[in-house]
Amino acid sequence: MSFAHAIATVGGLTMLSRVAGFARDILTAAILGAGPVADAFFVALKLPNFFRRLFAEGAFTVSFVPLFSAELQRNGRRAAQGFAEEALAVMVTVLLPFVIAMVAAMPWLMHALAPGFSDEPEKFALAVDFARMTFPYLLLVSLVALLGGVLNSLDRFGPFAAAPIAFNLTLIAALLVAREAGMPAGLVMSQAVTVAGVVQLVWLAASCRAAGIGLRLRLPRLTPGVKKLMVLMVPGAIGTGVMQINLFINIVLASLLPSGAVSFLYYADRLNQLPLGVIGIAIGTALLPVLSRHVAGGDHGAVRHFLSRALEFSLMLGLPAAVALLITAHPIIHVLFERGAFGPDETSATAQALAAYAIGIPAFVIVKVLSAAFFARQDTGTPVRVAIAVTLTNAALGLALIQPLGHVGIALATGVTAWMNAVLLGWLLHRQGNFQIDDRLRRRAPRLLAAGLVMGVALQAASWLLAPWLDGPMLIRTTALAALVGIGAIVYFAVAHGIGGVRLGEIGILLKRAPEPPGAA
């Protein structure tokens, strides 16, 4: 599978997952709105997701994939499978008691996670109950992350990328059942989170078996490979989790604001996560095993090629996504969420947060690429130093902006510090002599930026022209929003192609299952 095809596979399936996620969020907004029950559920959902992204899909993945890929490259599939089984045994041994302890300690933990809830006993109690139901998902999704890392290293990117679709469909089913049966929606959704973890685990286990790797659960042993994995994971937990730590800080700060702030940031972040998932996660997921193999093989030309192409894809897709969300935040929120308990005031507040988050989209995607360049070299320590600086800056900036801007200041701090993260990682990678990009990227980057600016002007004009239709009945407003998106895409790619930022003919070639370029194997 070519690098671009791998990105398209992960990105396409992630897009389907995000579409299912939007359907879930539309139902959630209509049924739960943005009140106390919604706030409690979103905090309960954030808790296992925070640890999942920080450890399972964060520190574990970026540490495990390079080690598994190197073992596969040097010693073959049998040795790599043995290493995966050793990692599985230690993961279960560590996470099972951790989950049990966290469920028992949830009332104390909630005081730290959402201190503002303490002033509202009913909402606090709901958050504790919901979190106790959702937290076991951490163990299940961690096992999913291990199996997904194995499959990605074998260039089978589809099953792991498709797993979140099952999560969203399970929660949609739970919402529909709760509404039809008259059951408490927050309670049913919280229980469905863990059920979704079971579904994902079964899917990934079956996919691994289909790939010829059926992992057995061994007795845990601290083998040299496991010890190296654990050493890499400690700094990796901070290095890859900076975005999640920032979002955790956002929840703490938002809980201090009037009721609804947590929900405004949640809905805005869900839309912000669409380009981050489709673009950033897709590129980072496809890039890490590729770079890991070429670093292990000492092929510096291939490393430079794939790093340059990954940055090119990041700019080509990340820049227009940021401009589009910044310009069209209000119509998007209005069309997707404004119904039922979600009214015009909620739309305005959420749209402001979305525009602030969007500022950091290109930076977040670039961070995914630059982080993979460190992780492929089994260097999880350097991103840690950057993560600490960025996290502290995010907290300080959020506190400074929360007074004048409220919840929008929290989102703006996250967007601004994402750029700080990207600049520091790029500078450190360059100082190590590992940030070498090709002439093609140097030529195309400023042209992609120019195309994005032209698209922004076109989107603003189109928003004014389509305003009457965007306020019409649901079918008309949905069609108008689709037209707005289409106008932006056509203008961007037409301008980018015209000034040499993109060659549209190259995209079809890149997406074919072509062999890697000369020197990249």
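Which residues make a nonpolar surface patch of about 250 Å²? They are L326, I359 and W419, where a patch joins nonpolar side chains (Val, Leu, Ile, Met, Phe, Trp, Tyr) within 5 Å, or like charges within 9 Å, from residues with over 30% relative accessible area and no salt bridge, that is, no side-chain nitrogen of Lys or Arg within 4 Å of a carboxyl oxygen of Asp or Glu.

This is a predicted model, in which local features need pLDDT of at least 70 and side-chain atom pairs count only at 80 or more, while totals for chains, interfaces and linings use all residues. Residues are numbered from 1 along each chain as its sequence is written, and side-chain values use heavy atoms, without hydrogens or water.

Within the patch, I359 sits in the loop between α13 (344-358) and α14 (361-375), helices being DSSP runs of H or I with at least four residues, numbered from the N terminus. I359 counts as partly exposed because its relative accessibility is 35%, between buried, under 20%, and exposed, over 50%, with a 1.4 Å probe and protein chains only.

Turning to helix α18 (residues 474-498), its 25 residues reach 36 Å from first C-alpha to last, close to the 36 Å expected, which is 1.5 Å times one less than the number of residues. Buried in α18 are R477, A480, L481, L484, G488, Y492 and A496, and their cover includes α12 (300-337) and α17 (439-470). After α18 comes G500, with a positive phi near 90°.

Finally, confidence: pLDDT, the predictor's confidence in each residue from 0 to 100, averages 85 over the chain.

Definitions and conventions:
Areas by Shrake-Rupley, 256 points an atom, 1.4 Å probe, with all protein chains shown as cover. Helix = DSSP H or I, 4+ residues; strand = E, 2+ residues; numbered from the N terminus. Contact = heavy atoms within 4.5 Å.
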